[in-house]
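Trainee: Before we look at any detail, could you show me how to read the features of a model like this one?

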Amino acid sequence: MSTIIDAQPRGAVQESINGPEQTDDGAFKRQPNRFTARFSTGELPVKAGRYRLVVSAVCGWSRRQIIVRRLLGLEDAISISYVSGRGDDGGWVFTDQPGGRDPVLGFKRLNDAYRTAEPGYRGRGTVPALVDTRTGAVVTNDYHTLSLELETAWKPFHRAGAPDLYPKDLRPRIDLLNQQLFDDVNNGPYKVLFATSPEAAEVARAVFEARLRDYDHRLATRRYLFGDRLTDSDIRLWVPWPASTRPTSPDIPRPCATLRYGSAICRTCGPTPVTCSRRRGSSTTATPRHWASRPAPTAPTWAGSVRRPTPRRATAWRPGASPRAAKGCRGPTSPPAPEGQAPISTGRSRPAGSRSSEEETVSTIVRPVIDAYSYPPEVIASLRPIPVDLWFRDLGASRLGRLVLRHALPEEYGEVGDVLEAAFTTGCWSTPEYIVGLHAIDARARTSNVWVVADDEGVLAAVLTPQPRYLDGPFTFNILGVGPRGRGLGLGRLLTDHAVNLARALGIGSIEIHSGPQMAAAHKVYVDYGFVRRIEQETVVVDGHQRLRSFTFRVPDPVADPPHIEHADPPAGDSPFPPPGDPVSITALRPAGVQDAGHFHATAPRRPGPAELPDRRLRLVAPASSPRSWGAVLGARIAAPDWVTVEWSQEVSSPVLLDGEGLLVSDDWSWIARSLATASGSKIYPAARREEIDALEQVIDAELIGALEEVVFSTDQAVRDAVSRLLFARLGLLDLQLADRRYLLGDELTSADLPLFGVLLGWDLRYRAHLGWGAASLVDYPNLWRWARRLAAEVLSAEDRVAAGLEAGPDGSFAEPWGPALPVEGIDDIRAAWREPVE
């Protein structure tokens with residue numbers, strides 16, 4: 001695998017033998033493994049010398065097995081063979097072996113071992129693969145479990161002193177972490193590269209980056225992921241990084257990339273981080289603990305296990321080709337566009353009225369501005385009391401001719417929008433919503449000054465700064481963009497300098513800016529200029545679920561006697577969103593838990609539950625304030641309404657199931673819902689899908705409910721920031737998942753839907769006020785918002801609506817244990833909006 005990714009979808013991936021690798025919403029879904037026999041179950045005999053491990057040095061799934069085999073000392077027990085290159089059938093071949101044939105197996109093609117295992121096999125032979133040397137048949141290509149099998153079933157053949165990479169006391173936690181690593185890190189780049197919609201690609205990229213930030217903070221206070229013990233999970237986290245240090249060819253789209261996530265990951269993962277080639281405009285996402293400020297870390301002892309690919313074994317990735325096909329991992333190549341047919345569209349729509357760079361246009365705009373006094377009256381009114389010498393500046397000659405820095409004319413606002421769109425979509429990604437906003441210059445100009453650099457042919461670059469009369473708060477500038485014609489002239493720094501001069505002239509001592517995560521080139525300009533990134537202030541989430549970067553700058557020598565500014569009220573509709581009041585204390589709502597280096601962890605349930613439920617009337621007591629309650633309560637109401645009595649009560653901190661005598665049966669919300677559904681035969685927990693439901697509930701518990709508690713109750717701001725990124729990224733992923741289905745797993749309601757619904761039910765009414773100013777509303781996730789309102793109409797009783805704060809109680813007041821709900825932009829009454837029918 002490779003961690004070299006960008007957020008541009010590569011196009012469709014053809015169907016594999018196991019089915020298509022794209023979902024209906026354009027997301028990439030890896031094909032299941034074909035051969036999955038295991039040693040630990042007795043399906044395969046554990047015999048030294050019988051098996052041969054076939055791998056590729058350029059494949060991350062293979063590198064994991066290579067490392068584990070060496071660490072455990074299994075070199076004599078399991079032989080190894082390297083494949084490289086592709087044969088005429090598209091499968092792996094043993095190019096490096098004498099005569100191009102494996103000396104033990106006798107095959108020239110890995111596909112021959114697959115066809116030996118299954119005659120007529122039509123798929124590709126993937127690596128890693130374990131082959132039985134007696135039969136020549138592949139026995140497993142399950143890279144998920146193969147390393148775990150080597151760590152457990154093959155223990156009799158481990159070398160003396162070999163590490164226990166899969167200790168029994170950590171196995172449940174390792175399994176959960178390994179699933180996260182597979183979904184979001186090991187498989188994450190492929191979800192970006194092979195998504196067929198920009199929305200799916202952007203969400204996958206956000207989850208990938210958020211997950212790495214979370215691991216970086218985790219490793220800041222410990223040597224390995226689980227403390228002082230090296231485990232299988234550490235190897236799975238390490239394997240992507242060697243790939244990201246390889247140079248790329250000049251014709252390869254410059255990737256965004258990965259090793260600048262902080263010293264913690266790099267210290268643990270080993271290789272000295274190098275400056276990797278990032279796709280222009282992609283996010284650097286550096287953590288507060290920059291690796292560049294630390295000594296070069298020492299490579300881990302297993303680094304030598306990975307055989308470095310040579311030119312014979314590694315084929316460069318060509319634009320449009322699958323890195324799995326070229327470099328040798330798994331999956332089919334992306335089919336090229338047929339001759340004469342346009343490439344696959346990214347799905348990005350162009351706002352009405354905007355111009356394509358390929359369209360032949362003739363400019364009819366007259367630019368009469370020749371000095372500071374040539375502006376129309378409305379522009380002059382917006383500039384006062386800025387000193388006149390900043391209104392217009394002749395920049396002199398350039399390779400494009402004479403350039404000027406000036407205020408845009410109203411008739412140029414459409415052209416400014418076109419230039420900004422080109423700036424924000426050339427070499428980087430922007431959401432359709434953001435692009436529409438770039439063209440709203442007319443609306444922005446009511447409270448902002450629109451500055452441009454122009455030549456005789458038109459606008460080259462632009463930036464917006466606040467009109468002095470509407471200044472209320474910190475001085476800021478936004479949507480600074482340089483169009484393609486203006487690249488390479490230093491116009492980004494020039495406009496930044498102009499904004500600083502404006503602030504200085506108005507006597508303002510500091511500047512605060514926010515920038516989209518994809519604008520890495522702009523971020524470099526700001527940092528080089530002297531701006532300081534403020535990660536602790538990055539709480540603003542805008543369209544497309546982008547979390548904005550925050551930078552501040554201390555203006556040197558602001559004027560001591562600034563001009564008098566006659567302040568005015570902003571035009572109707574442009575007023576800043578009202579800030580929230582002081583949130584109430586929620587100490588009493590904090591669940592039982594511990595602080596670990598500023599990181600809050602909720603205590604595990606005291607009693608997961610007996611093997612069987614008592615055969616008598618039960619009572620479920622739950623606090624409506626806890627997001628953990630709703631999965632248990634709604635599960636009980638749906639699955640066992642005649643068996644379980646539900647009581648809402650703030651006397652408990654988490655849901656508890658009691659028997660008729662008041663004795664505790666269980667305080668594990670997920671066990672309660674599943675057990676009641678199983679015992680009653682309810683359709684919300686069908687036997688055929690229980691494994692899938694359990695895995696999804698684990699994700700919701702850890703990354704929504706658990707992450708929400710960590711963000712609210714952790715005492716370290718850096719931890720809260722890292723976890724909040726993961727929280728919002730996971731919401732974005734679930735929002736995309738619900739774009740084309742009624743429930744999380746299809747057309748039928750399952751118990752996995754209920755805990756997610758509980759989180760969303762309280763999002764705006766309760767939790768958002770404690771996530772930092774600017775945190776996204778549920779309304780910002782349209783599919784989740786529609787799904788939650790529809791489910792509310794289906795499953796909530798009148799009592800539940802009062803407990804949730806959707807309806808007033810008998811005394812006319814609303815339940816607000818977390819304090820008053822924050823207003824939601826564009827919605828007058830969020831409670832009334834919950835009651836509106838959903839189409």
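Mentor: We will go from the whole chain to one strand pair and one helix pair. This is a predicted model, in which local features need pLDDT of at least 70 and side-chain atom pairs count only at pLDDT 80 or more, while totals for chains, interfaces and linings use all residues. Residues are numbered from 1 along each chain as its sequence is written, and side-chain values use heavy atoms, with hydrogens and water left out.

Trainee: How many helices and strands are there in the protein chain?

Mentor: Helices (H or I, at least four residues) and strands (E, at least two) are DSSP runs numbered from the N terminus, and the protein chain has 25 helices and 20 strands. Of its 839 residues, 54% are buried, where buried means under 20% relative accessible area with a 1.4 Å probe, protein chains only.

Trainee: Why is strand 9 largely enclosed by the rest of the structure?

Mentor: Strand 9 (residues 478-482) is largely enclosed because 4 of its 5 residues are buried. Strands pair if DSSP finds at least two bridges between them; here 3 bridges join strand 8 (residues 458-466) to strand 9, and the two run antiparallel, with Ala461 opposite Val482 of strand 9.

Trainee: At what angle do helix 21 and helix 23 pack?

Mentor: Axes are lines fitted to C-alpha atoms, for helices over the stretch in contact, and angles run from 0 to 180 degrees between N-to-C directions. Helix 21 (residues 753-761) and helix 23 (residues 782-795) pack at about 110 degrees, with their axes 10 Å apart. That makes helix 21 roughly perpendicular to helix 23, a label for angles of 65 to 115 degrees. Residues making the contact (heavy atoms within 4.5 Å) include Phe757 of helix 21 and Trp787 of helix 23.

Terms used. Buried means under 20% relative accessible area, exposed over 50%, partly exposed in between (1.4 Å probe, protein chains only). Angles under 35 degrees count as roughly parallel, over 145 as roughly antiparallel, 65 to 115 as roughly perpendicular and the rest as oblique.
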